[in-house]
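Hi,

Here's the structure I said I'd pass along. Have a look at it first, and my notes on what turned up are underneath.

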Amino acid sequence: MQAIFSSNSAHKLKEVELILNNFEVQSYRMFLGEMEILESGASFEENACLKARVVYDLLQESHRDLCVLADDSGLCVEALGGMPGIYSARFAAIKEGVHAIIQRRFILPKEDLGDTCNNLKLLACLQELGIRESRASFVCVVGVCARIGGQYYQKSFKGECKGKVIQAPLNPQAFGYDPLFIPEGYNLSLDRLEKNAISHRFLALRQCREFLQTLSQNKE
């Protein structure tokens with residue numbers, strides 16, 4: 001089965017291909033070109049399903065069978081009241097201080113300033129609170145919109161990697177908040193581990209893979 005992944009991130013696409021190793025995964029850009037999908041949902045699940053549905057609706061007339069995947073993921077820090085959450089990729093664009101962030105009193109960020117700026121924003125928040133670490137978790141939700149053999153399916157799968165964030169040096173080669181996050185049961189940050197075996201995206205996609213395998217068997 002071919003799966004179309006609704007994301008602009010080449011890094012995420014590579015992870016998805018590795019985890020869904022029995023399925024052909026292609027970027028939606030192969031069919032639709034460059035296109036920005038507004039993440040207007042209030043949760044990871046809403047955003048993931050919204051992105052999958054947008055691409056599905058644009059492609060459904062040109063594909064007899066169609067399977068579109070999309071993910072939304074982020075870091076939820078206990079000391080920040082669950083932030084940055086769905087704003088993880090745009091966290092650095094929030095200009096307000098940590099107490100306004102915790103109370104959700106900030107102008108919604110629109111710009112992705114990159115991983116380094118997001119990490120520096122997180123470190124600044126921890127410093128403003130006067131703490132060196134906090135319990136946290138990475139969360140990923142994968143949304144699926146599919147039509148197989150004339151039957152429509154819409155599902156979502158959630159993965160969570162629990163651990164803590166710490167004050168630590170940044171790694172310019174790492175992805176996202178990985179250099180500041182230590183998973184439960186480990187002493188190393190996520191960028192120094194084999195993350196495909198433990199990450200939130202792996203845990204969500206493993207469930208998704210089982211679902212897609214069932215669809216493939218039903219199709220046969």
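Before anything else, a contact here means heavy atoms within 4.5 Å. Leaving aside neighbours within four places in sequence, Tyr152 is in contact with Arg53, Tyr56, Cys145, Ala146 and Arg147.

Some housekeeping: this is a predicted model, so local features need pLDDT of at least 70 and side-chain atom pairs count only at pLDDT 80 or more, while totals for chains, interfaces and linings use all residues. Residues are numbered from 1 along each chain as its sequence is written, and side-chain values use heavy atoms, with hydrogens and water left out.

Back to Tyr152, which sits in strand E5. Helices (H or I, at least four residues) and strands (E, at least two) are DSSP runs, numbered from the N terminus. Tyr152 is partly exposed at 32% relative accessible area; buried means under 20%, exposed over 50%, and partly exposed in between, with a 1.4 Å probe and protein chains only. Tyr152 and Cys67 are 85 residues apart in sequence, yet 9.7 Å apart in space, C-alpha to C-alpha.

**Aromatics**

There are five aromatic pairs in the structure. Rings of Phe, Tyr and Trp (its six-membered ring) pair if their centres lie within 6.5 Å, and planes under 30 degrees apart are stacked, over 60 edge-to-face, the rest tilted. One of the five is Tyr153 with Phe211, edge-to-face at 6.1 Å centre to centre and 75 degrees between the planes. That pair links distant parts of the chain, with Tyr153 in E5 (residues 151-166), Phe211 in helix H6 (residues 200-219) and the two positions 58 residues apart. Tyr153 is partly exposed at 23%, whereas Phe211 counts as buried at 14%. Add Phe157 to those two and you have one aromatic cluster.

**Cores**

A nonpolar core is a set of buried Ala, Val, Leu, Ile, Met, Phe, Trp, Tyr and Cys residues joined through side-chain atoms within 4.5 Å. The largest has 33 residues, and Leu75, Leu80, Met83, Phe91, Leu122, Val165 and Phe181 touch the most other members. Two or more residues each come from helix H3 (44-59), strand E3 (66-77), helix H4 (98-102), helix H5 (115-129), strand E4 (133-148), E5 and strand E6 (181-183). Phe181 is a good one to click on: beyond residues up to four places away in sequence, its contacts include Leu75, Phe138, Cys161, Val165, Leu188 and Leu190. Another core, of 23 residues, lies apart from the largest one, and Ala3, Leu69, Phe157 and Leu212 are among its members. In soluble globular proteins, nonpolar side chains tend to be buried together.

**Largest pocket**

Which residues are closest to the centre of the largest pocket? They are Lys12, Glu39, Ala89, Arg90 and Asp112, out of 40 that line it. The space inside is about 1100 Å³. For the method: on a 1 Å grid over the protein atoms alone, a pocket is an open set of points where a 1.4 Å probe fits, with protein on both sides within 12 Å along at least five of seven lines, and lining residues have an atom within 4 Å of a point. Points are joined across faces, edges and corners, and the volume is the space filled by probe spheres set on them. Helix H1 (10-19), E3, H5 and H6 each give two or more residues to the lining, and E3 gives the most, with five.

**Backbone and loops**

Most residues other than glycine have a negative phi, and most peptide bonds are trans. Here, a cis peptide bond joins Met83 and Pro84, with omega about 5 degrees. Pro84 lies in the loop between E3 and H4. Arg104 has a positive phi of about 60 degrees although it is not a glycine, and Arg104 is in the loop between H4 and H5.

Glu78 is also in the loop between E3 and H4. Its C-alpha is 5.5 Å from that of Arg135, 57 residues away along the chain, and with neighbours within four places left aside, Glu78 is in contact with Ser134, Arg135 and Ala136.

Happy browsing!
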